[in-house]
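Me: I'm new to reading protein models, and I'd like a close look at one part of this one. Could you walk me through the pair of aromatic rings and what surrounds it?

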Amino acid sequence: MGAVKTVLVFMLVGALAGAVAASFIVPPILGWYSEPGAIAPGKQVETICDPAYMIRYTSSRLLRGQLIGAALGALLLYPGVVTARRRGAVAPQAAA
């Protein structure tokens, strides 16, 4: 039971760290990706957009980025499994 708990703790911490990291990384990337290109050098870029659509688009991309970050963070499952196996392997040898 202790090994399962260790793995779940690693996954939870990794998922939270991934979501927090995505909250800081995704907005600047979305700003860069969504920025219109200048057609004429030296002239200001003119755009016409639907604010409601842009809010839905941006928030959905941010949430998707957080989901991806949480999933990547939860991939800390492997070190959790390795740690749990090492603890399980060391305990019987110490008792003998």
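Reply: Here is the whole chain in brief, then the aromatic pair, then the other helix.

Some ground rules come before anything else. This is a predicted model, in which local features need pLDDT of at least 70 and side-chain atom pairs count only at pLDDT 80 or more, while totals for chains, interfaces and linings use all residues. Residues are numbered from 1 along each chain as its sequence is written, and side-chain values use heavy atoms, with hydrogens and water left out.

The protein has 3 helices and 0 strands, so helices and strands need a word: they are DSSP runs numbered from the N terminus, with helices (H or I) of at least four residues and strands (E) of at least two. Along the sequence that reads α-α-α. As for confidence, pLDDT is the predictor's own score for each residue, from 0 to 100. Its average here is 75, and 76% of the residues score at least 70. Helix α2 has the highest mean among the elements, at 81, and helix α3 (residues 77-95) has the lowest, at 66.

Now for the rings. Rings of Phe, Tyr and Trp (its six-membered ring) pair if their centres lie within 6.5 Å; planes under 30 degrees apart are called stacked, over 60 edge-to-face, and the rest tilted. That rule gives 1 aromatic pair. Its partners are tyrosine 53 and tyrosine 57, which are stacked, with 6.2 Å from centre to centre and 25° between the planes. Why are tyrosine 53 and tyrosine 57 separated by about one helical turn? Because they sit 4 residues apart in helix α2 (residues 51-74).

How covered are they? Buried means under 20% relative accessible area, exposed means over 50%, and partly exposed is in between (1.4 Å probe, protein chains only). Tyrosine 57 counts as buried because its relative accessibility is 18%. Tyrosine 53, at 46%, is partly exposed. Over the whole protein, 16% of the 96 residues count as buried.

Tyrosine 57 also leads us to another stretch of chain: its C-alpha atom is 10.0 Å from that of leucine 30, a residue 27 positions away along the chain. Proline 27, in helix α1, gives a second such link, with 8.9 Å between its C-alpha and that of arginine 61, although 34 residues separate them in sequence. Contact means heavy atoms within 4.5 Å. Beyond its neighbours within four places in sequence, proline 27 is in contact with Ala22 and Leu62. Proline 27 is partly exposed, at 38%. Taking the protein's contacts with a separation of 6 or more, 88% come from residues 24 or more positions apart.

One last stop is phenylalanine 24, which belongs to helix α1 (residues 2-34). Its relative accessibility is 65%, so phenylalanine 24 counts as exposed.
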